[in-house]
Amino acid sequence: MKILAVNAGSSSLKVQLLEMPSEQLIAKAQVERIGLENAIVTVRYNYQNETCDKWETRTANIKNQPEAVKAIMDKFQEFKVIECVDDIKGVGHRIVQGGEYFSKAEVVTKDVEEKVLELAELAPHHNKAEHAGYVAFKQFIPNAVHTMVFDTAYHQTIPEERYIYALPYRYYEQYKVRRYGAHGTSHKYIASVIKEYYGRDNFKAISCHLGSGASICAIENGKSVDTSMGFTPLGGIAMGTRTGDLDPSILSYIMNKENMTPDQMNHMCNFESGLLGMSGVSSDMRDIDVGEKENNARCFLARKVYCTRVAQFIGSYFVELGGCDAIVFTAGVGENSISTRSVLIPMISKALGIDYTIGEANKVEICNNKGYKISNPNSKVDVFVIPTNEELMMCRDTYEIVMGTSNE
């Protein structure tokens, strides 16, 4: 059964097509620069063990999401990835904010749509664009079962004392102001790989999703029990362009000094801060690497601040969990930046009993190439690098729903 995972943005569209339940990757496609001249359409197919030997990249005039969907589906049929759109039996749509409404993936109904749009003010750069992607695919593939898979759903198991803010309680009652977290689908995937590695349900892990957006998650027996992102994806550790946690008084102080509006301050915190704001160079850790080679002091500072914030959350979750079996690094920076791990892990190694060699020459593959262990055999805590696979989790959730609806 072919299941499609969809990640729609305001100017981009990314999809993966999998054969389920074998979980064989069939094709990937993405459209970038939607609404601008010379949008870029890339299709990769004929995968063998996660490696494809056929692809095409072209430019096109694509004004909106429906045109992007058509461009991808036309190419899938041209390359014989599918015979027709009805070959696709389920479509899972990533939605960032599900609030308290959703603790699992759901079949899309009018009520689900209304709640997703209602919650858009908590994720203004995501929910509306993701809903637009759903509308476009629903029109193009009307006979498939369409689901919405929520980034916040995995964190609905967090205890109340860890998601409530120390504000007047009426703000929670009236406006549902609380910690929601994000990257839940990624952390859920990491939990599934760690469960496979240990061969048991009872484990404790700290999952570090370090990308342009970044969050830390404390996992106990496969469930999220705490996470660093807060009411919105702005909270938690410092990120590519986001501040992470701040003393709230800083915001009003700067707003008064510079006569900024709330919207201007929100933009600065989300898009001008983090690694970019500290370094003055870039939000990309690879550019920070270059800056350090050029002895740029602010690049050194940016990485130290970034790693310190991550280390602080790891330490606090280690205490919350009463120790842990595993610490996992995933997403763009977590998976690929040895330079960042080489700064970060020594910050926590002595306190947590981690035996780690800078350079990671002793890494060991785990779980049939799903990742590798980078800690040494004598380490009291296992440290892993595991490439995340949110699309696979979306397809798993959607496949289960499709099978459930077919059995009713």
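These are my notebook entries on a predicted model, covering its hairpins, a helix, a sheet, a core, some aromatic pairs and one loop residue.

**Entry 1: the N-terminal strands**

I began at the start of the chain. Strand E1 (residues 2-8) and strand E2 (residues 12-19) run antiparallel and are joined by 7 bridges. I looked up one partner here and found Ala8 opposite Leu13 in E2. The hairpin from E1 to E2 passes through 3 residues.

Then I followed E2 onwards. It is joined to strand E3 (residues 24-32) by 8 bridges, again running antiparallel. Ser12 has Glu32 in E3 as its bridge partner. This hairpin has 4 residues between E2 and E3, and I noted that Glu23 in the turn has a positive phi of about 65 degrees.

**Entry 2: helix H2**

Which residues of helix H2 (residues 110-118) are buried? I found Val112, Glu113, Lys115 and Val116. I was curious where they sit around the axis: they cover an arc of only 165 degrees, so they lie on the same side of H2. A reminder to myself: an α-helix has 3.6 residues a turn, so residues three or four places apart point the same way.

Next I checked what lies over that side. The cover for the buried residues of H2 includes strand E6 (88-95), strand E7 (106-107), helix H3 (127-140) and strand E8 (145-150).

**Entry 3: the seven-stranded sheet**

I traced an open sheet of 7 strands with mixed pairing, in the order E11-E10-E9-E12-E15-E14-E13. Its edges are strand E11 (223-227) and strand E13 (364-366), each of which pairs on one side only. From one strand to the next the twist averages 30 degrees.

At the E13 edge, 3 bridges join E13 to strand E14 (residues 371-373), and the two run antiparallel. Ile366 has Gly371 in E14 as its bridge partner.

Which helices did I find packed on this sheet? Helix H6 (residues 184-198) is one of them, touching E9, E10, E12, E13, E14 and E15, with its direction at about 135 degrees to that of E12. H13 packs there as well, touching E12, E14 and E15, and its direction makes about 170 degrees with that of E12.

**Entry 4: the largest nonpolar core**

I counted 38 residues in the largest nonpolar core, and the members touching the most others are Ile206, Leu210, Ile216, Tyr306, Ile327 and Ile354. The elements giving two or more residues are strand E9 (204-210), strand E10 (214-220), helix H10 (285-293), helix H11 (297-321), strand E12 (326-330), helix H13 (338-352) and strand E15 (382-385). Which element gives the most? It is H11, with 10 residues.

I took Ile327 as a sample. Outside its neighbours within four places in sequence, Ile327 is in contact with Ile206, Cys208, Ile314, Ile348, Leu352, Ile354, Val381, Asp382, Val383 and Phe384.

**Entry 5: aromatic pairs**

My search of the whole structure turned up 10 aromatic pairs. I looked at two of them.

The ring centres of Phe102 and Phe150 are 4.2 Å apart and their planes are at 0 degrees, so I logged the pair as stacked. Phe102 is in the loop between E6 and E7 and Phe150 is in strand E8, so that the pair links parts of the chain 48 residues apart. Both Phe102 and Phe150 are buried. With Tyr101 they form one aromatic cluster.

The second pair is Tyr180 and Phe231: the centres are 6.2 Å apart and the planes are at 35 degrees, so this pair is tilted. Tyr180 is in the loop between helix H5 (170-175) and H6, while Phe231 is in the loop between E11 and helix H7 (248-258), 51 residues away. Are these two buried or exposed? Tyr180 counts as buried, at 2% relative accessibility, whereas Phe231, at 26%, counts as partly exposed.

**Entry 6: Ser212**

I finished with a loop residue. Ser212 is in the loop between E9 and E10. With a relative accessible area of 55%, Ser212 is exposed. What does Ser212 touch, not counting residues up to four places away in sequence? I found Met239 and Gly240. I also noted that Ser212 and Val333, 121 residues apart in sequence, are 7.8 Å apart in space, C-alpha to C-alpha.

Terms used. Residues numbered from 1 in each chain as written. Predicted model: local features only at pLDDT ≥ 70, side-chain atom pairs only at ≥ 80, totals over all residues. Heavy atoms only, no water. Buried < 20%, exposed > 50% of the residue type's maximum accessible area, 1.4 Å probe, protein only. Arc of directions from axis to C-beta. Contact = heavy atoms within 4.5 Å. Core = buried A, V, L, I, M, F, W, Y, C linked by side-chain atoms within 4.5 Å. Pairing = 2+ DSSP bridges. Axes fitted to C-alpha atoms, helices over the stretch in contact; angles between N-to-C directions. Phe/Tyr/Trp six-rings, centres within 6.5 Å; stacked < 30°, edge-to-face > 60°.
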